[in-house]
Every structure is written in structure tokens, then in C-alpha cells.
Amino acid sequence: MGFVAHALERVKPSPTMAITSKARELKAAGHDVIGLGAGEPDFDTPDNIKQAAIAAIKRGETKYTAVDGIPELKAAIVKKFARENGLTYKPAEISVGSGGKQVLYNALLATLNPGDEVIIPSPYWVSYPDIVMLAGGTPVIVEAKLADGFKLKPEALAAAITPRTKWFIFNSPSNPTGAAYTRDEIKALTDVLLKHEQVWVLTDDIYEHLVYDGFEFTTPAAVEPKLKGRTLTLNGVSKAYSMTGWRIGYAGGPEPLIKAMATLQSQSTSNPCSISQWAAVEALEGPQDFLPLWVASFQERRDLVVSMLNQAKGLTCPTPEGAFYVYPSCAGVIGKTTPKGQKIGSDEDFATALLQEEGVAVVHGAAFGLSPFFRISYATGADALEEACRRIQRFCASLT
Ligand SMILES: Cc1ncc(COP(=O)(O)O)c(C=O)c1O
């Protein structure tokens, strides 16, 4: 359509949202569908956080606020970075937006010029390349292989860097694989980055609290303090506090970048929701005792899904360290045929046939830049998960 800007020709609607709405449609039409596409925890927002929002409404905290966050929230974020990550930021080095996605968008739009390159390991969160392209930059996709636990090797990072590289986007634990980098693995990457002063690091730590088997989370600016002056440490309350709908994300980084991001936000959305900001203060400052319970529950579900998928004919499912996703390979079913005569030529065919035949919604790996795989979000009840895995096993066994 000629009326729509060229910039939009470069981006796709989020495929994960597309699969979620397809599953919702089928469900509404009376089909028995289990949706494993959504990237949000199934827990309710903790009550103390809800109460803080209600109290904020009653106090009349219902007006415009400072564009990139109320001082109380910035102070809580400064404390959070110090307490949990060993990172020292001043309030002027903190930016709060309407979700981690807006903060990421602000950072890229505020810094990219045409021809600037952004290194993104694949498989990646679907929004990274599209936001880079929307901002006029060039995504440079570098594969993080299954054989390497879906973690980028320093040699691969080094080989991808050019004089035009502006950002390296790093995400651990990862969406879609759940892979999380150890301190040594991060150090190997930051050692490469130290040699290239033009490259900034955008680390997306949104799944920081969801790690299993005692895994110790850490973040690039903490591993290599010499990089802190060119690192944006992105986080948010969506995943750890089950607050996806409240839309609060934040980042810590050098003041000139934070200022530029605020300028951009001042001419787009202005401040994030005032009530949500007060809820986020409570999330960060209030009791954290529900978190180990949630993590234990996610770990149980991860183990269930990994074990059941590895029993499905033609699938191989690695055990991820964090987040609430698994990213199994479906290489063993490519080339096979469904009982209705449909050929499985790609991971997209696999996901489509699985939804049609068994009513299980997963997202195909091509959407995340690495095939033939698919992503399952296990942030859903254990009974539904078990049933979904049984259906996947039955579907795989039916292929010839
Ligand atoms: C890796 C990653 N980063 C950032 C986000 C953004 O979260 P929000 O905008 O809800 O803060 C998501 C959400 O799915 C994600 O998976």
C-alpha cells in the first residue's frame, strides 16, 4: 500500500503475537487448543504490588510524571542494580519506559544512522532485528549453534565486528532458547569487545531472575567494568514480577545516551503509566519471597517438558539454564509426511500441522532466525503442559 512508510516495509508483525492470536481464534471457535506461544508467566501479579498501585490511585498519582521515570522509581532501580548486579548508577543514568521493548526501541532509534550495524546472535528475540531495521540500522545476524548450547563463541563475535558495528545485542537468559551465559562465557565475549571501542553493548537482562539448578546470573558491565561506559543494561518488571500488562521496563547506561532516549520518549509516549511506576517501586523494594517459589515451579515444568520432548520421535531438546522457553530441534521430522498427506518441509510446516492436527500452538524457529527448531513457552499449568507434550509425542509418532 503506497500510503504506508517505506520504513514499515522492513518490519514484520511479531510472529509470536500472531501465533498467540491464531491459537486464541481457534479456541474461540470451539477447538481444544493448548497455547505454548505466549512469552509471559502464568502467575498473577503479587498482591502487594497490586495494592501499591491501588494506593497510588487513591493518593492521586494519576497525572503526568517526569518523562523517563519518577525519582522514587529511579532510586529503587539504582538500588536494585547495586544490590543484585554490583553495578553503580546515578539516577541520571537510569531510563524508565513503557516496557523493556520501548527502552530498547529508544536506545536504538536514538543512536542508529543508516549503514550502522548491530550484531545480533541467532536465534534471537523476534523484535531485535525489526527494531534495528525500523531505526534504519543493519542487523548482522551471527549464529549461536545448538552444539555450543546456543551461546555465541568469541571467535564468531570477533569475525562479525566491522568499523560500522555500533551495538552488540546480548540476551542471557535468552528468549527463545533459555540459554544463559556463565561469567567465563561472558568474559570471553567482553575480552573481544574491549578491543573494539566503537562497539556498544546492549544487554537484555529481562530474564535475570529465572535461572535454574543454582545457575549464577551475571551481566557484561559487572563482568568487565571497563565496558560499563559503553553498555546499556536493560531490564524490567514484566517477567520476574509477572507484570507484562503494566508496561514498565528500565535501563542503566551513560548519561548522554539516557538523555537522548528521554528526548525521544518525550516526543512519543511521554512518561510510562504513573500507577504502574508506583507498582514497580513496590516490585523492586517489596518482599521477594515469592520468587524462589516461582523459579522452583518453572524448573519443574522445564524438566517435565525437556524429558517428554526427548521421548518424541525425531525431536531433540536441550536443557536450558533459564527463562521459560525450550528450543527443541525438529530436524528428525523434516521430510516426513502427516497421516493426511501433508509434507513437513520446514519448522513452519511442523508448527502449522501440529496446530491443525493436535491443537498445540508453538512458534517455528525460522521466526527467531534459526531452523529447524521450534519454541515452547512452558509458562503454563503443568497439566496443560503434560497434555501438550503427549500430543506432540503422538503427532511425531504419526509421521511417516
Ligand atoms: C528477551 C526479551 N526482552 C525484552 C522483552 C520485553 O518485555 P517488556 O516490553 O514486556 O518489558 C521480552 C518480552 O517478551 C523479551 O522476551
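In this predicted model, helix α12 (residues 290–310) packs against helix α14 (residues 382–398) at an angle of about 10°. Their axes are 9 Å apart. Angles under 35 degrees count as roughly parallel, so α12 is roughly parallel to α14. From α12, the contact draws on Arg301, Leu304, Val305, Met308 and Leu309. From α14 come Ala382, Leu385, Glu386, Cys389, Arg390, Ile392 and Gln393. By class, eight residues of this contact are nonpolar, one is polar and three are charged.

A second helix pair has another geometry. The axes of helix α5 (residues 100–109) and helix α10 (residues 255–266) come within 9 Å. They cross at roughly 110°. Angles from 65 to 115 degrees count as roughly perpendicular, and α5 and α10 are therefore roughly perpendicular to each other. On the α5 side, the contact involves Gln102, Val103, Asn106, Ala107 and Leu109. On the α10 side, it involves Met261, Leu264 and Gln265. Five of the residues in the contact of α5 with α10 are nonpolar and three are polar. None is charged.

Asn106 deserves a separate word. This residue lies in helix α5. Its relative accessible area is 2%. Buried means under 20%, so Asn106 is buried. Neighbours within four places in sequence aside, Asn106 is in contact with Met261, Leu264 and Gln265. Those three residues belong to α10.

Strand pairing comes next. Strands of a sheet pair through backbone hydrogen bonds, either parallel or antiparallel. Strand β3 (residues 117–122) and strand β4 (residues 138–143) run parallel. Six bridges join them. Within this pair, Pro121 stands opposite Val142 in β4. Between the two strands, the chain passes through helix α6 (residues 127–134). The resulting β-α-β crossover is right-handed.

Antiparallel pairing appears in an open sheet of three strands. The strand order is β9-β12-β11. Strands β9 (325–326) and β11 (363–364) form the edges, each pairing on one side only. Two bridges link β11 to strand β12 (residues 374–377) in the antiparallel sense. Here Val363 stands opposite Arg375 in β12.

The backbone also shows some less common conformations. Most residues other than glycine have a negative phi, and most peptide bonds are trans. Two cis peptide bonds can be described, beginning with the bond from Ser122 to Pro123. Its omega is near 0°. Pro123 is placed in the loop between β3 and α6, and α6 is the helix of the right-handed crossover. Asn175 and Pro176 are likewise joined by a cis peptide bond, with omega about 25°. Pro176 lies in the loop between β5 (165–171) and α8 (183–194).

Positive phi values occur at Ser242 and at Ala323. Ser242 is not a glycine, yet its phi is about 50°. The residue sits in the loop between β7 (231–236) and β8 (249–252). Ser242 counts as buried because its relative accessibility is 6%. Ala323, also not a glycine, has a phi of about 55°. Its place is in the loop between α12 and β9. That loop thus follows on from two elements described above: α12 packs with α14, and β9 is an edge strand of the open sheet. With a relative accessible area of 0%, Ala323 is buried.

Key. Residues numbered from 1 in each chain as written. Predicted model: local features only at pLDDT ≥ 70, side-chain atom pairs only at ≥ 80, totals over all residues. Heavy atoms only, no water. Pairing = 2+ DSSP bridges. Helix = DSSP H or I, 4+ residues; strand = E, 2+ residues; numbered from the N terminus. Right-handed = clockwise from strand over helix to strand, strands pointing away. Axes fitted to C-alpha atoms, helices over the stretch in contact; angles between N-to-C directions. Parallel < 35°, antiparallel > 145°, perpendicular 65-115°, else oblique. Contact = heavy atoms within 4.5 Å. Nonpolar A, V, L, I, M, F, W, Y, C, P; charged D, E, K, R; others polar. Buried < 20%, exposed > 50% of the residue type's maximum accessible area, 1.4 Å probe, protein only.
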